[in-house]
Amino acid sequence: MAPKVKRIAGGALRIVLSRTLPAEIDRATWLFTRHRPSPKHCPCCGTTTKFRIFGLPPRLDAECPKCHSMERHRLQRLYLDENPSLIEGKDVLHFAPESFARLYISERALSYIGGDLNPAPGDVFVNIEAMHFPDDSFDLVICNHVLEHVDDKKALAELRRVLRPSGTLLLMFPIIEGWATTYENPDVLTPQARLAHFGQEDHVRYFGADVRDRIRTAGFRLAEFTAEEPLVCKFGLLRGEKLFVCGGAL
Ligand SMILES: [Zn+2]
């Protein structure tokens, strides 16, 4: 191909790809990599199909094209399917709920509150650092990808306060397991700097392995549900991803 034609074709391709996010990232990656997905099963919607590539950097087999669940949603759903007693007949608080998870849990719970700083229709305003709920209000609290945005010490204390002693807190967050210590930096303030340091414009830390000490210090017992084979290949999970299962009673 002549150099001029090649430049024009490359430019046109970049324009097309830049205007086709996020689902069409699949096409870009399909063009530039050798990845050819095999069908996975989504426990959130029951579909078996080829999952989409998603994220920057792109993650293979990340998104269910039907319900838009990600790896972490499917890991949590697998755990809840194995432990239905956590939900059935229980009072549940769910932070920033995804629609498919809200429906599944709210249909089985005794009571269900979806909470967020910017609540979706049907949810309520909840500041995780200073909640308006009385002590011992909930049997199950689900808090996924929230702690990296907030004062985690305040949030964990509040989560412990509103959880009944027999209750369970399910936590997920970005964690760098190879780091012994959580990375926080008071000089990193701008969205651009936070993106560079913490992976997203509104994150304020990257947890390290010592997050377990933070959770225990807040008064929780701790167990971990880890994405391992054969579940990873079957359900399109992120290898080694953790669901932290925190018990309220010490
Ligand atoms: Zn799905």
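Four donors around a metal count as tetrahedral if all the angles between them lie between 85 and 135 degrees. Keep that rule in your pocket, because the model you're looking at, which is a predicted one, puts it to use right away.

## The zinc site

Which residues hold the zinc ion? The protein donors are the SG atoms of Cys 42, Cys 45, Cys 64 and Cys 67, lying 2.3 Å from the metal. Look at the angles next: the 4 donor atoms subtend 104 to 115 degrees around the zinc ion, so the arrangement is tetrahedral. For a yardstick, the ideal angle for four tetrahedral donors is 109.5 degrees.

You can also find the site by reading along the chain, where the donors follow the spacing C-x2-C-x18-C-x2-C. Are these cysteines buried or exposed? Take two of the donors. Cys 42 has a relative accessibility of 0%, so Cys 42 counts as buried. Cys 45, with a relative accessible area of 26%, is partly exposed.

What about disulfides, then? The structure holds 0 of them. Cys 246 is an example of a cysteine without such a bond: the nearest cysteine sulfur belongs to Cys 143 and sits 9.5 Å away. Since a disulfide needs two sulfur atoms within 2.5 Å, that distance rules the pair out. Cys 246 is also buried, at 0% relative accessibility.

## Salt bridges

How many salt bridges does the model have? The count comes to 16. Here are three of them, with the N to O distance for each.

| Pair | N to O distance |
|---|---|
| Glu 63 and Arg 52 | 3.8 Å |
| Arg 77 and Asp 81 | 3.0 Å |
| Arg 205 and Glu 184 | 2.6 Å |

Start with the salt bridge between Glu 63 and Arg 52. This pair links distant parts of the chain: Glu 63 belongs to strand 4 (residues 59–63) and Arg 52 to strand 3 (residues 52–54), 11 residues apart. Glu 63 is buried, with a relative accessible area of 6%, whereas Arg 52 is partly exposed at 22%.

The Arg 77 and Asp 81 pair has another setting. Both residues sit in helix 3 (residues 71–82), and because they are 4 residues apart there, about one helical turn separates them. Arg 77 is buried, with a relative accessible area of 14%, while Asp 81 is partly exposed at 37%.

Now for Arg 205 and Glu 184, whose side chains meet in a salt bridge. Arg 205 lies in the loop between helix 6 (191–198) and helix 7 (211–217), and Glu 184 lies in the loop between strand 9 (163–172) and helix 6, so the pair ties together parts that are 21 residues apart in sequence. Arg 205 counts as buried at 5% relative accessibility, and Glu 184 is partly exposed at 37%. There's a bit more to this one: salt bridges that share partners join Asp 152, Glu 184, Arg 205 and Arg 214 into one network.

While you're at Glu 184, try finding His 197 as well. The two are 13 residues apart along the chain, and their C-alpha atoms are separated by 8.9 Å.

## Empty space inside

How do you spot empty space in a protein? Rolling a probe the size of a water molecule over the atoms shows where empty space is left.

The structure holds 1 cavity of 30 Å³ or more. What is the volume of the largest cavity? About 70 Å³. The lining of the largest cavity includes Cys 44, His 73, Gln 76, Leu 80, Phe 100 and Tyr 104. You've met another of its lining residues already: Arg 77, the buried partner in the helix 3 salt bridge. Helix 3 and helix 4 (99–106) each supply at least two residues of this lining.

Then there's the largest pocket, with about 1,100 Å³ of space. Which residues lie nearest its centre? Of the 41 residues that line the largest pocket, those are Arg 72, His 145, Glu 148, Gln 200 and His 203. Helix 3 turns up here as well: helix 3 and strand 6 (111–116) each supply at least two residues of the pocket's lining. Helix 3 gives the most, with 3 residues.

So helix 3 is a handy landmark as you turn the model around: it holds the salt bridge between Arg 77 and Asp 81, and it supplies residues to the lining of the largest cavity and of the largest pocket.

How values were computed: Residues are numbered from 1 along each chain as its sequence is written. This is a predicted model: local features need pLDDT of at least 70, side-chain atom pairs count only at pLDDT 80 or more; totals for chains, interfaces and linings use all residues. Side-chain values use heavy atoms; hydrogens and water are left out. A salt bridge is a side-chain nitrogen of Lys or Arg within 4 Å of a carboxyl oxygen of Asp or Glu. Buried means under 20% relative accessible area, exposed over 50%, partly exposed in between (1.4 Å probe, protein chains only). Donors are N, O and S atoms within 2.8 Å of the metal (3.2 Å for Na, K and Ca); water is not among the atoms, so sites may look incomplete. Four donors count as tetrahedral if all angles lie between 85 and 135 degrees; four count as square planar and six as octahedral if opposite donors are over 155 degrees apart and all others between 65 and 115; anything else is irregular. On a 1 Å grid over the protein atoms alone, a cavity is a set of points where a 1.4 Å probe fits but cannot get out, and a pocket is an open set with protein on both sides within 12 Å along at least five of seven lines; lining residues have an atom within 4 Å of a point. Grid points are joined across faces, edges and corners, and a volume is the space filled by probe spheres set on the points.
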